[in-house]
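Please open the model in the viewer and follow the selections below in order.

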Amino acid sequence: MTVTVTEETAPASHYDRIGGASAVKAAVDLFYDKVLVDPELAGYFSDVDMVGQRRHLTLMLTTVLGGPDEYAGRGLAEAHQPLNIPVEHYAMVGGHLVVTLTELGVPADILADVQTVLGQVQDQVVSRGNRSGV
C-alpha cells in the first residue's frame with residue numbers, strides 16, 4: 001500500500017478563483033460601460049481620465065479580491081469626498097458593480113465579500129453631509 005502525502009496549500013484567493021488579472025480587467029470595463037451610460041452617475045466622470053480611472057479601479061479591485069497589492073493611488077476619502085457623493089449614488093454604483101460581477105459568473109461567496117467591503121468603505125466615499133439618514 002502506498003501513501004501519498006500532499007502539501008497543504010493556501011486556499012485560492014478570490015482574485016485567482018475568478019480568473020486573475022484578465023477577469024478583473026473585464027469586470028472593470030463592463031462596470032464602467034454601465035456607469036458611464038447611467039444618467040445619474042455619468043456626470044461624476046465627465047472630466048476624468050477614464051484610462052487612468054479604469055487602471056486605478058483594476059488595481060484596487062485586485063487588492064480587494066486578494067490579488068497583488070500594487071495600488072498606489074489616492075485614498076478613497078481623498079479621491080471621493082470633494083465630489084459630494086450622496087448615499088443613493090454610492091448605492092447605485094455598488095449595484096452596478098454587483099450586477100457586473102454577477103453577469104460575469106462571480107461566485108456568490110465572493111459577491112458577498114465584495115458587498116461587505118462596499119459597506120465598510122461607504123463612509124470614506126459618501127459625502128459627510130449625505131450619509132444614511134440625512
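Select Ala-27, Leu-30, Phe-31, Lys-34 and Val-35 in α2, then add Val-93, His-96, Leu-97, Val-99, Thr-100, Leu-101 and Glu-103 in α5: these two groups meet, contact meaning heavy atoms within 4.5 Å. Sorted by class, this contact of α2 with α5 holds 8 nonpolar, 2 polar and 2 charged residues; Ala, Val, Leu, Ile, Met, Phe, Trp, Tyr, Cys and Pro count as nonpolar, Asp, Glu, Lys and Arg as charged, and the others, Gly among them, as polar.

The model is predicted, with pLDDT of at least 70 needed for local features and 80 or more for side-chain atom pairs, while totals for chains, interfaces and linings use all residues. Residues are numbered from 1 along each chain as its sequence is written, and side-chain values use heavy atoms, leaving out hydrogens and water.

Next, display the whole of α2 (residues 20–35) and α5 (residues 87–103). Helices (H or I, at least four residues) and strands (E, at least two) are DSSP runs, numbered from the N terminus. The axes of α2 and α5 come within 9 Å and cross at roughly 135°; axes are lines fitted to C-alpha atoms, for helices over the stretch in contact, and angles run from 0 to 180 degrees between N-to-C directions. The two helices are therefore oblique to each other (under 35 degrees is roughly parallel, over 145 roughly antiparallel, 65 to 115 roughly perpendicular and the rest oblique).

Keep α5 and add α6 (residues 108–125), which packs against α5 at about 160° with the axes 11 Å apart. α5 and α6 are therefore roughly antiparallel. Residues to select in α5 include Tyr-90, Gly-94 and Val-98, and those in α6 include Leu-111, Leu-118 and Val-125. By class, the contact of α5 with α6 has 10 nonpolar, 4 polar and no charged residues.

Return to α2 for the aromatic rings. Which residues do ring pairs link into a cluster? Select Phe-31, Tyr-32 and Phe-45. Rings of Phe, Tyr and Trp (its six-membered ring) pair if their centres lie within 6.5 Å; planes under 30 degrees apart are stacked, over 60 edge-to-face and the rest tilted. The whole structure has 2 aromatic pairs. Tyr-32 and Phe-45 form an edge-to-face pair, 5.6 Å centre to centre with 75° between the planes. This pair joins Tyr-32 in α2 to Phe-45 in the loop between α2 and α3 (50–64), 13 residues apart. Both residues are buried (under 20% relative accessible area; exposed is over 50%, partly exposed in between, with a 1.4 Å probe and protein chains only).

Finally, show the full chain, which has 6 helices and 0 strands.
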